[in-house]
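Here are a few notes to read alongside the model. I hope they make a handy companion while you turn it around on screen.

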Amino acid sequence: MPDSAVAALLAQGRPRADAQRNVERLVAATREALDELGLAVTTRDIAQRAGVGLGTLYRRVPSLDALLAAILTDTIDEMTERAAHALDSPDAWQGFAEFAESYVQLRASSCGLHDALSGRGERLDLEPRITRLRRAMRQLVQRAQKAGVLRSDLDWRDVPFALATAIPPGHTIGLVPGDDQWRRNLRIILDGLRPARSLAPEAPAAPAVPSD
C-alpha cells in the first residue's frame, strides 16, 4: 500500500534494485517474526529470517521499534477500516459478526498484534491508532444494540473483552487447540451476545392429587 506507515518509513532515497529486495525481505521477515514471537522479537531474529546482516537492517530501518510500530499501525488501521465497512452493512448483525470474525482472526494469527492490543506495546506509541479502532468498535456495538440484534444489557466495553477471549491459550487441562479453535470459541461468544429469542416455556402444572 503506497500510503502505508511501512512505505512511509522506508521511503528514504531511491535504493538500488538489490537494496530494494533487501528491504522487501526485511519487511516480510519482520511480519513473520512479529506474528510468531510477538513484541519480544529482536533485530537478530529479523536479520536471520531475511538472510541479511544487522548492518543492512540498520541502514534501511531507523530502529526496530520504528519498524514494528509501522507494521502494527498498518494492521490496526486495516482493522479500523473493516469496522467502518461493517458500519455500512445494511444488516447490523451481519456487519458486526463479520467484523468480529476478521478482528479475532487477525489477533489469533499475530502474537505481535495480540500483544499490542493487550496493552504491551506502550513503547511503540500505538494509542492514537488503537483509540480510533476503539471508537469504531463502540459504534458497531451500539448500532447492533439499537437494532435489537445484540443484547441491550451489555456495556459496549464488554464486547471487546469477550472477543479477546476467543483467542485460545497454548493449552488447557492437557488439551492443545486446533488451528480453528478461535473460530469455534467465537461462535459460542456470538451466540451469547445475541438477545434471548424467547424464554423457556413454563412446565405444565402437575395434576391435582385427590386428598382421599
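How much space lies in the largest pocket?

1. **The largest pocket.** The space there comes to about 450 Å³. Its lining is made up of 21 residues, and those closest to the centre are Tyr103, Arg107, Leu117, Ile130 and Arg134. Four elements each give two or more residues to this lining: α6, α7 (111-120), α8 (127-146) and α9 (158-164). If you sort the lining residues by character, you will find eleven nonpolar, three polar and seven charged.

2. **The chain as a whole.** Please keep in mind that this is a predicted model. Its secondary structure consists of ten helices and zero strands, so the pattern along the sequence reads α-α-α-α-α-α-α-α-α-α. The chain has 212 residues, of which 41% count as buried.

3. **Helix α3.** Which residues of α3 are buried? In this helix, which spans residues 43-50, they are Thr43, Ile46, Ala47 and Ala50. They sit on the same side of α3 because the arc they cover around the axis is only 95°. Exposed residues, Arg44 and Gln48, are carried by the face turned away from that buried side. After the helix comes Gly51, with a positive phi near 75°.

4. **An aromatic pair in α6.** A pair of aromatic rings is described by the distance of the centres and the angle of the planes. The count of aromatic pairs here is two. One to look at is Trp93 with Phe96: the ring centres are 5.5 Å apart and the planes stand at 45°, which makes the pair tilted, since that angle falls between the 30 and 60 degree cut-offs. Both residues belong to helix α6 (residues 92-109), and because they are three residues apart, about one helical turn separates them.

5. **Surroundings of the pair.** Are Trp93 and Phe96 buried or exposed? Trp93 has a relative accessible area of 12%, so it is buried, as the cut-off is under 20%. Phe96 has a relative accessible area of 2% and is buried too. Trp93 also has a charged partner to view: Arg194 lies over the face of its ring, at 4.3 Å from the ring centre.

6. **Where to look on screen.** Helix α6 is a good thread to follow through these notes. It holds Trp93 and Phe96, and it is among the elements that give two or more residues to the lining of the largest pocket.

Technical notes:
Residues numbered from 1 in each chain as written. Predicted model: local features only at pLDDT ≥ 70, side-chain atom pairs only at ≥ 80, totals over all residues. Heavy atoms only, no water. Buried < 20%, exposed > 50% of the residue type's maximum accessible area, 1.4 Å probe, protein only. Arc of directions from axis to C-beta. Phe/Tyr/Trp six-rings, centres within 6.5 Å; stacked < 30°, edge-to-face > 60°. Lys NZ or Arg CZ within 6 Å of the ring centre and 35° of its normal. 1 Å grid on protein atoms, 1.4 Å probe; cavity = no way out; pocket = protein on both sides within 12 Å on 5 of 7 lines; lining within 4 Å. Points joined across faces, edges and corners; volume = space filled by probe spheres on them. Nonpolar A, V, L, I, M, F, W, Y, C, P; charged D, E, K, R; others polar.
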